[in-house]
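Subject: Structure for you to look at

Dear colleague,

Here is the structure I said I would pass on. My notes on it follow below.

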Amino acid sequence: MQDRFKFRVWDKEKKQYNCGMLIFDYMRGVLDPEKYILEQCTALKDKNGNLIWEGDIVEYKIQGIPKISAIVHWSPDSVHFWKGSQDL
């Protein structure tokens, strides 16, 4: 669970992630949330051993149900895979 408290920031203008000081600026309210998205690590890993982050799009299959694509949403109590009206 040591990965649970990892964060990254998506820069909407540069279209890239930043894992440095921007995170602290975001949490202090210094950065404009219209330009940046804060994402937390779920501490779960995919089949290739890569960490799964909030906002990632995952595909999964439950027995008897076709494959589903969904967006990962993190909360302190659980990880949710949400398939809604947003385009995946």
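To start with the pocket lining: sorted by residue class, the largest pocket is lined by 5 nonpolar and 5 charged residues, with no polar ones. Please bear in mind that this is a predicted model.

The volume of that largest pocket comes to about 270 Å³. Its lining is made up of 10 residues, and those nearest the pocket centre are D46, K47, I57, V58 and E59. Two elements each give two or more residues to this lining, namely β4 (51–53) and β5 (57–60). Of these, β5 supplies the largest share, with 3 residues.

The backbone has two further points to check when you open the file.

The first concerns K15. This residue is not a glycine, yet its phi is positive, at about 55 degrees. Where does K15 sit? K15 is placed in the loop that runs between β1 (7–11) and β2 (16–18). Is the residue buried or exposed? Exposed means over 50% relative accessible area, and K15 has a relative accessibility of 59%, so it counts as exposed.

The second concerns A43. Here too phi is positive in a residue other than glycine, with a value near 75 degrees. A43, however, is located in a strand, β3, which covers residues 36–45.

In short, please look at the pocket lined by 10 residues, at K15 with its positive phi, and at A43 with its positive phi.

Best wishes

Methods
Residues numbered from 1 in each chain as written. Predicted model: local features only at pLDDT ≥ 70, side-chain atom pairs only at ≥ 80, totals over all residues. Heavy atoms only, no water. 1 Å grid on protein atoms, 1.4 Å probe; cavity = no way out; pocket = protein on both sides within 12 Å on 5 of 7 lines; lining within 4 Å. Points joined across faces, edges and corners; volume = space filled by probe spheres on them. Helix = DSSP H or I, 4+ residues; strand = E, 2+ residues; numbered from the N terminus. Nonpolar A, V, L, I, M, F, W, Y, C, P; charged D, E, K, R; others polar. Buried < 20%, exposed > 50% of the residue type's maximum accessible area, 1.4 Å probe, protein only.
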